[in-house]
Amino acid sequence: MLREIVVYPDKRLKQISDEITAFDNSLHTLLDDMYETMIAKNGVGLAAVQVGEAIRALIINIPMKDKERGEDQPRENTLEIINPRFITCEGSTIFNEGCLSVPGVYEDTARYEYVKVVYHDRHGNEQTIEDDDFLSIAIQHEVDHLDGKVFIEKLSFAKRKKFEKEWKKRDRA
Ligand code: CO
């Protein structure tokens with residue numbers, strides 16, 4: 001089922017999401033709905049709080065190169081991350097990010113280059129992932145949502161002011 005995406009500056013995006021303890025059908029339905037919603041909106045990542053559920057779950061679509069997938073494999077691979085915890089964060093990089101909760105806005109954002117994360121899958125099994133590329137950025141962006149933060153809050157004061165002015169103008173349009 002498609003879910004409505006919470007759009008900035010809705011206060012629900014400021015909630016700190018709760019740890020998940022029940023890896024049950026309602027969680028699986030939510031993850032499936034999040035996937036459907038993300039694909040429908042051409043997003044690459046989505047946190048549960050962006051569909052109004054303040055729990056620590058997020059999904060990321062990993063683009064695969066043609067040679068990495070077989071002929072009958074889907075082009076994308078979805079990673080489901082529950083209760084993520086950073087074990088290592090190293091280096092720094094800048095990435096031009098966007099967000100389904102701030103549609104149409106893309107800004108260079110400062111991130112760690114490399115992260116190693118421990119998390120649960122949808123069945124409650126502990127998993128580990130590490131990356132120093134697109135996935136690293138996407139995880140950091142989505143985990144920020146779980147902590148009530150949106151990427152535009154990381155912009156410089158001047159850029160943020162410019163964004164807020166333009167966003168208000170668009171609200172009225
Ligand atoms: Co986002």
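What radius of gyration would a compact globule with 173 residues have, and what is the value for the protein?

## Overall form

The structure described here is a predicted model. For a compact globule with 173 residues, the radius of gyration would be near 16 Å, and the protein has 16 Å, which agrees with that expectation. Taken along the principal axes, the box filled by the C-alpha atoms of the protein is roughly 45 × 35 × 35 Å. Of the 173 residues, 42% count as buried, while the accessible surface comes to about 10000 Å², with 48% of that area belonging to carbon and sulfur atoms.

The protein carries 25 positive and 33 negative charges, and the mean positions of these two sets are 9 Å apart. When contacts with a separation of 6 or more are considered, 64% of them are accounted for by residues that stand 24 or more positions apart.

## Helices and strands

Three helices and seven strands are present in the protein, and when they are read along the sequence they follow the pattern α-β-β-β-β-β-β-β-α-α. Among these elements are helix α1, which covers residues 25–40, strand β1, which covers residues 45–47, and helix α2, which covers residues 134–146.

## The nonpolar cores

The largest nonpolar core has 16 residues, and those with the most contacts inside it are Leu 58, Ile 60, Leu 79, Ile 81, Ile 129, Leu 135 and Ile 139. Two or more residues of this core are given by each of β2 (57–63), β3 (76–90), β6 (114–120) and α2, and the largest share, five residues, comes from α2. Apart from this core lies another, of 14 residues, which includes Ile 20, Leu 31, Leu 46 and Ala 57.

Two residues of the largest core can be followed through their contacts. Ile 129, once its neighbours within four places in sequence are left aside, is in contact with Leu 79, Val 115, Lys 116, Val 117, Tyr 119, Leu 135 and Ile 139. Ile 139, for its part, has its place in helix α2 and is buried, its relative accessible area being 1%. Leaving aside neighbours within four places in sequence, Ile 139 is in contact with Ile 60, Ile 81, Phe 86, Val 117 and Ile 129. Between Ile 139 and Lys 149, which are ten residues apart in sequence, the distance from C-alpha to C-alpha is 13 Å.

## Polar residues of helix α2

Which residues does Glu 142 touch, when those up to four places away in sequence are not counted? Glu 142 also has its place in helix α2, and with a relative accessibility of 4% it counts as buried, because buried means under 20%. The residues that Glu 142 touches are Gly 45, Leu 46, Ala 47, Gln 50, Leu 58, Ile 59 and Ile 60, residues up to four places away in sequence not being counted. One of these partners, Ala 47, is 95 residues from Glu 142 in sequence, and yet the two C-alpha atoms are 5.8 Å apart in space.

His 145 is likewise found in helix α2, and His 145 is buried, with a relative accessible area of 1%. Its contacts, with neighbours within four places in sequence left aside, are Leu 13, Gln 15, Ala 47, Val 49, Gln 50, Cys 99 and Val 150. Ala 47 is therefore a partner of Glu 142 and a partner of His 145, and Gln 50 is likewise listed for Glu 142 and for His 145.## Backbone features

The peptide bond from Tyr 8 to Pro 9 is cis, with omega near 5°, and Pro 9 lies in the segment before α1.

Are Asn 42 and Asn 83 buried or exposed? Asn 42, found in the loop between α1 and β1, has a positive phi of about 55° although it is not a glycine. At 71% relative accessibility, Asn 42 counts as exposed, because exposed means over 50%. Asn 83, whose place is in strand β3, has a phi near 50°, which is a positive value in a residue other than glycine. At 7% relative accessibility, Asn 83 counts as buried.

Technical notes
Residues numbered from 1 in each chain as written. Predicted model: local features only at pLDDT ≥ 70, side-chain atom pairs only at ≥ 80, totals over all residues. Heavy atoms only, no water. Helix = DSSP H or I, 4+ residues; strand = E, 2+ residues; numbered from the N terminus. Buried < 20%, exposed > 50% of the residue type's maximum accessible area, 1.4 Å probe, protein only. Contact = heavy atoms within 4.5 Å. Rg over C-alpha atoms; globule rule 2.2 N^0.38 Å. Areas by Shrake-Rupley, 256 points an atom, 1.4 Å probe, with all protein chains shown as cover. Lys, Arg positive; Asp, Glu negative; His and termini not counted. Charge placed at Lys NZ, Arg CZ, Asp CG, Glu CD. Core = buried A, V, L, I, M, F, W, Y, C linked by side-chain atoms within 4.5 Å.
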